[in-house]
Amino acid sequence: MDKKTVRKMADVANIHIDDNELESYVEDMDLIMGYMEQLKNLHTGEAELKEANSLPSNGFREDFPHISPDRDELIKNASVTQDGCFKVPVVVEP
Amino acid sequence: MSICKKTIKETAELLRSKKIGTVELTDEYLNEIRKKNPTINSYVTICNEEAVKAAKASQKILDSGEAVSLLCGIPMGLKDNICTKDIKTTCASNMLKSYIPPYSATVYERLQQEGAVLLGKLNMDEFAMGSSSECTIFGPVRNPWNSEYVAGGSSGGSAASVAANLATFSLGSDTGGSIRQPASFCGIVGLKPTYGRVSRYGLVAFASSLDQIGPMTKDVTDCAIVMNVISGYDNKDSTSVNTSYEDFIEDIDSGIGRLRIGLPLELFNSAMDDDIKGAVISTLRRLESQGAILQDVSLPSILNSVPAYYLISSSEASSNLARYDGIRYGYRNEKAETVSELYRMSRAEGFGGEVKRRVLAGTYALSSGYHDELYNKALKVRTLISNEFSLVYENIDIIAAPVYPTAAFKIGEKVIDPLKMLVSEIFTVGANLAGLPAISVPCGLSKDGLPIGIQLIGKPFSEKLMIRVGYAIEQEMGRLEIGE
């Protein structure tokens, strides 16, 4: 695990890391992933990939008109709204 | 004895015989919280008005004479990752510090329907990532047995509140041991149900294939009472399993007969304190004297359970926590000039260190080039662990093991080393990976006078048997109470 890899992972995860924090993250990630990598050489034979213990079933509801939740109630936790919409900074950078 | 020391069953009897009313009972608990919470720090939100209002409603139901659940009028606390409509739900994170859910978790709705009274929301490790309830924006939870020690985690507030008699019962959540370990550290009963037994709708997700909500109670009977209410199919949770109704209290005292108890060699040979091993073995010998048959069993792949758990849980967490973008809810960086900067800065400032570490680890494990050798490998290990448990259960009824290698440790002792706490989770994560039910029941005290729990792991949907065995242990070993 090196600075370049940690920076790349932080970019993918959309988490900013300050330059002065980077070294600490590299150390921690190196330790943790070093421990996890013991699995790499483990012989697992023909074992299948087990993603879950109970297979999820889609929860379909009856298709009938009903009152939707109140929009203002649903967006009340947003910091910045305008005209019932979530407001964000510029999306397409010039 | 103070009313707050009583169990659900004892309190329900007092309410029905009118020796106390629900509002008086709730006031007693709120007074105890005012006195003790500044030290123990188990509650992060106290619902004074809502609690009294709920208590009054419950009193009306009790006075009407209609048949009601034992939970009617009983004061409870909920871990702060369980959504409660119109009541802050923070997950002990800066990211959700001001979040007020517009809906309630199914478990809360079911408890409300039975008339349980919510006293408040309970402290925890941030987003349930931790084993000590020290990684929280609200400060650590202190163990009611000794305030210099941790209460365990991540459901530390849930455990401490029950142990300190600041709630008759609470709910926690368990992804890798987060109900069982704090229950063990605080001397109470904690049950992680079979995956799919209790609805996860309204539980803020950490690792969706591992998370389960479960009861944390003063004794095993109370655990059964709560399970009767919270368990059962929920069509809002696509992983909820539709099993037939079970009364977990029924036959609780019918004994253990010739119960075959498996003792995994790999776990009993793992490093642990002498007093942990001593307490667990001594308890098993007492069960043996009642007729149980102890058998050594082998779960070889359990030795790889911790790295497999960490990879799977971090990978799922990196996906689940991608929703926190600072836009629809949660912490938002106000200075960002582009939406990309908004995401990156909001998440950097909203999440704590442990959460960021796990999200980064999960991102790495799922990334191109590492996906096969890390994440997929972990899934295969999960299969091996599940298969080994299934094989063992062909010849035994239940597995017994310690909960944790030590009793509670001192606040600050392990928090600086991210690996030290993780490797200690070897006793608990196997049950999560295999989706099995597991319970921690108090069985003794350490040389420092701190509680020790014994863990039982059962076959899928065998909670009734586990509760029966847990009851037998409790009858043999007695309840642990602070100061006695």
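The following dialogue examines cavities, a pocket, a helix pair and two backbone features in a predicted model.

Visitor: Why are α10(B) and α13(B) called oblique to each other?

Guide: The axes of α10 (residues 305-320) and α13 (residues 371-392) of chain B cross at roughly 125° and come within 9 Å. Angles of 65 to 115 degrees count as roughly perpendicular and those over 145 as roughly antiparallel. The pair fits neither class and is therefore oblique. The crossing of α10(B) and α13(B) is left-handed.

Visitor: What makes α10(B) and α13(B) a pair in contact?

Guide: Contact requires heavy atoms within 4.5 Å. On the α10(B) side, Ser305(B), Ala308(B), Leu311(B), Ile312(B), Ser315(B) and Glu316(B) take part, and they meet α13(B) residues including Leu374(B), Tyr375(B), Ala378(B) and Arg382(B). By class, this contact has 9 nonpolar, 2 polar and 2 charged residues.

Visitor: Why are certain empty spaces called cavities, and how many reach 30 Å³ or more?

Guide: A cavity is a space where a 1.4 Å probe fits but cannot get out. The count by this rule is 2. The largest cavity has a volume of about 90 Å³. Its lining has 14 residues, and Gly130(B), Ser131(B), Gly176(B), Ser178(B) and Glu425(B) are the closest to its centre. The second largest cavity holds about 30 Å³ of space.

Visitor: What makes up the lining of each cavity, by class?

Guide: For the largest cavity, the lining divides into 8 polar, 4 nonpolar and 2 charged residues. Glycine is counted as polar. The second largest cavity is lined by Val189(B), Lys218(B), Pro442(B), Glu474(B), Gly478(B), Arg479(B) and Leu480(B). These divide into 3 nonpolar, 1 polar and 3 charged.

Visitor: Which helix supplies the largest share of the lining of the second largest pocket?

Guide: That share, 7 residues, comes from α3(B). At least two lining residues each come from α3 (48-64), α4 (106-113) and β3 (117-122) of chain B. This pocket has a volume of about 350 Å³. Of its 20 lining residues, Glu50(B), Ala54(B), Ile87(B), Tyr108(B) and Gln112(B) are the closest to its centre. The lining divides into 11 nonpolar, 4 polar and 5 charged residues.

Visitor: What is the omega of the peptide bond from Gly153(B) to Ser154(B)?

Guide: Omega is near 5°, and the bond is cis. Ser154(B) is found in the loop between β5 (146-150) and α5 (156-163) of chain B.

Visitor: What is notable about the phi of Ala128(B)?

Guide: Ala128(B) is not a glycine, although its phi is positive, about 70°. Ala128(B) lies in the loop between β3 and β4 (142-143) of chain B.

Methods. Residues are numbered from 1 along each chain as its sequence is written. Chains are lettered from A and ligands numbered from 1 in the order in which they are written. This is a predicted model: local features need pLDDT of at least 70, side-chain atom pairs count only at pLDDT 80 or more; totals for chains, interfaces and linings use all residues. Side-chain values use heavy atoms; hydrogens and water are left out. On a 1 Å grid over the protein atoms alone, a cavity is a set of points where a 1.4 Å probe fits but cannot get out, and a pocket is an open set with protein on both sides within 12 Å along at least five of seven lines; lining residues have an atom within 4 Å of a point. Grid points are joined across faces, edges and corners, and a volume is the space filled by probe spheres set on the points. Helices (H or I, at least four residues) and strands (E, at least two) are DSSP runs, numbered from the N terminus. Axes are lines fitted to C-alpha atoms, for helices over the stretch in contact, and angles run from 0 to 180 degrees between N-to-C directions. Angles under 35 degrees count as roughly parallel, over 145 as roughly antiparallel, 65 to 115 as roughly perpendicular and the rest as oblique. A crossing is left-handed if the near helix is turned anticlockwise from the far one by less than a right angle, and right-handed if clockwise.
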